[in-house]
Amino acid sequence: MSSKPYVIAGAGHAARRAAETLRARDADAHIVMIGDERVLPYDRPELSKGALLSEEGERRIFIRDAAWYGAQRVDMRLGMRVEAIDRASQSVVLSDGARVEYGRLLLATGSRVRPFPGHVDDGVKLHYVRTVDDARALRAALSPGKRVAVLGGGFIGLEVAASASKADCAVVLIEPAQRLLMRSMPREVADFMHALHRAKGVDMRLDTKPLAVRRGAGHAIVETDRGDIAADIVVVGIGVVPNVELAQAAGLAVNNGIVVDEQCRTGDPSIFAAGEVTMHFNPLLERHVRVESWQVAENQPVIAAANMLGAEEPYAEMPWLWSDQYECNVQTLGLFDVAHETVLRGDPSSGSFCVLALNGAGALAAVAAVNAGRDMGACKRLLAAGKPLDIGALRDTNVALRTLIAA
Amino acid sequence: MEQVTNTWQAIGMLDDFMEGEPAAVVAGDKPVAVFRIGDEVFALHDLCTHGHARLSEGYVEDGCVECPLHQGLFDIRSGAPRCAPVTEAVRSYPIRIVDGQVEIHVE
């Protein structure tokens with residue numbers, strides 16, 4: 001039984017969840033949380049939505065206030081980075097030179113934005129949407145009539161386009177691929193989102209590669225392979241990269257994320273990792289995955305914290321994420337694969353439909369739902385059951401999916 | 001013009017409501033999600049406290065309804081939050097069953 005602290009490197013959503021669990025399971029645990037931002041942990045989904053539109057929208061991101069961390073005796077070291085892990089002495093070195101010993105260390109270092117790879121003229125401000133500071137800066141810049149160029153047609157880019165459009169800006173979205181959401185979504189969903197944004201007045205430029213951002217007269221110029229686009233505000237949303245350097249420097253296994261097993265363990269029995277920085281073994285998918293989603297930040301640290309306290313619990317969830325754009329809700333569960341047979345349930349022109357992906361055995365492997373949240377509860381259970389399903393029934397919107405669960 | 005709303009209002013017969021299939025009704029101008037559990041009926045305000053989802057479109061299991069948009073859980077009997085991302089209770093309305101008729105009390 002170690003009385004040394006439980007140290008959490010990182011102070012985001014995953015760190016909060018780990019601290020909550022450590023305290024709930026061990027009233028005496030000494031918990032230290034170290035994060036380089038000066039603000040308390042926050043949830044990110046609203047950063048690209050409500051937080052871009054109002055201060056009120058931003059407030060919702062803070063799930064726990066300072067009083068909670070105080071009452072729960074979480075030793076918060078904010079505005080401080082963990083610079084190094086000294087595994088031999090079981091301690092971390094902070095950016096102010098201090099050393100903190102750990103009995104168990106959790107790496108919850110998250111991700112950072114992928115920077116725009118092209119040339120950027122001096123004096124041109126590129127906005128990103130990753131931190132609350134990013135969201136505040138963009139919110140301050142957005143105002144009616146401003147020309148906003150969004151670089152990237154993934155979920156973040158689309159959500160920012162929707163928010164800027166709601167703020168009465170003139171929005172151009174620039175995406176090098178020939179369709180949106182290439183990484184994660186079936187074609188029907190991408191086409192639907194494309195049509196939705198066009199209908200909302202967003203100038204959609206697919207198959208257009210941004211090459212550089214130049215400084216014009218009082219505005220920015222996005223140079224693309226299809227000509228220049230003038231903008232007052234340029235927002236980049238081209239993905240994130242996991243913050244693995246700390247783990248890597250400490251000699252822990254890293255491969256597009258910090259490699260952990262299904263119990264959130266690294267190769268060092270005293271060091272765990274959780275949240276979207278992890279390349280974790282998912283027993284349901286039978287492979288390692290890194291998943292950028294609220295779900296992983298919410299649920300994986302709970303397992304990691306339990307195991308830091310001596311449990312041996314697996315983290316096993318089907319990847320699930322949602323995106324809200326305008327009044328549209330998109331959700332996806334499971335991972336789509338080219339080998340899947342896809343079934344369309346509902347008519348996209350009605351504004352509500354699902355794309356269901358069946359594996360070789362005819363069982364549900366993934367689903368994407370557009371304004372069809374009512375089907376998600378049943379899909380989750382059908383996916384977990386793994387039984388072959390009747391394609392005719394899946395396609396028939398008169399058949400409630402929940403009736404197929406027991407069938 | 002002010003209608004007396006501090007009364008019980010009929011929203012259907014018990015047999016109109018099916019276990020596992022929440023119903024959306026309007027009572028006193030308020031959207032209400034109605035749930036049947038066994039021979040009991042419960043009513044919640046039909047709007048998730050987190051997003052803007054209709055709980056009447058949610059999945060019902062183990063006395064809870066799962067929000068269709070972000071999968072938060074509410075206790076059907078009390079409206080209490082049971083699972084993130086929901087943290088705030090949803091309003092629960094009193095229900096009574098009189099001679100097989102389901103009545104709701106909204107203010």
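Visitor: What distance separates the centres of domain 1 of chain A and domain 2 of chain A?
Guide: Good place to start, and do keep in mind that this is a predicted model. Chain A is divided into domain 1 (6-112 + 240-308), domain 2 (115-236) and domain 3 (336-406). Taken over C-alpha atoms, the centres of domain 1 and domain 2 of chain A are separated by 30 Å.

Visitor: Which element gives the largest share of the side of domain 1 of chain A that touches domain 2 of chain A?
Guide: Across this boundary, 13 residues of domain 1 of chain A are in contact with 14 residues of domain 2 of chain A. On the domain 1 side, the residues divide into eight nonpolar, one polar and four charged. The largest share of that side, three residues, comes from helix α2 (residues 50-53) of chain A.

Visitor: Why does the end-to-end distance of helix α1 of chain A agree with its number of residues?
Guide: Helix α1 of chain A covers residues 13-25, which is 13 residues. At 1.5 Å a residue, the helix should span 18 Å, so the expectation agrees with the distance between its end C-alpha atoms, 19 Å.

Visitor: Which elements of chain A do the buried residues of α1(A) pack against?
Guide: The buried residues of α1(A) are A:His13, A:Ala14, A:Ala15, A:Arg16, A:Arg17, A:Ala18, A:Ala19 and A:Leu22. Take A:Ala18: leaving aside its neighbours within four places in sequence, its contacts include A:Ile8, A:Leu106 and A:Pro301. As a group, the buried residues of α1(A) pack against β1 (6-9), β2 (31-35), β3 (74-78), β7 (104-107) and α9 (294-308) of chain A.

Visitor: Which element gives the most to the largest nonpolar core?
Guide: In soluble globular proteins, nonpolar side chains tend to be buried together. Here the largest nonpolar core has 144 residues, and A:Ala9, A:Ala18, A:Leu106, A:Leu107, A:Val150 and A:Val367 touch the most other members. The element that gives the most to this core, with eight residues, is α9(A).

Visitor: How many helices and strands are there in chain B?
Guide: From the N terminus on, the elements of chain B run β-β-β-β-β-β-β-β-β-β-β. That makes zero helices and 11 strands.

Visitor: What radius of gyration does chain B have, set against a compact globule?
Guide: The C-alpha atoms of chain B fill a box of roughly 40 × 35 × 20 Å along the principal axes, and buried residues make up 37% of its 107 residues. With 107 residues, a compact globule would have a radius of gyration near 13 Å, so the expectation agrees with the value for chain B, 13 Å.

Methods: Residues are numbered from 1 along each chain as its sequence is written. Chains are lettered from A and ligands numbered from 1 in the order in which they are written. This is a predicted model: local features need pLDDT of at least 70, side-chain atom pairs count only at pLDDT 80 or more; totals for chains, interfaces and linings use all residues. Helices (H or I, at least four residues) and strands (E, at least two) are DSSP runs, numbered from the N terminus. The expected span of a helix is 1.5 Å times one less than its number of residues. A residue is buried if 20 or more other C-beta atoms lie within 10 Å of its own, exposed if 12 or fewer, and partly exposed in between; C-beta atoms are placed from the backbone. Two residues are in contact if their C-beta atoms, placed from the backbone, lie within 7 Å. Domain bounds come from an automatic or database domain assignment. Ala, Val, Leu, Ile, Met, Phe, Trp, Tyr, Cys and Pro count as nonpolar, Asp, Glu, Lys and Arg as charged, and the others, Gly among them, as polar. A nonpolar core is a set of buried Ala, Val, Leu, Ile, Met, Phe, Trp, Tyr and Cys residues joined through C-beta atoms within 7 Å. The radius of gyration is taken over C-alpha atoms; the globule rule is 2.2 Å times the number of residues to the power 0.38.
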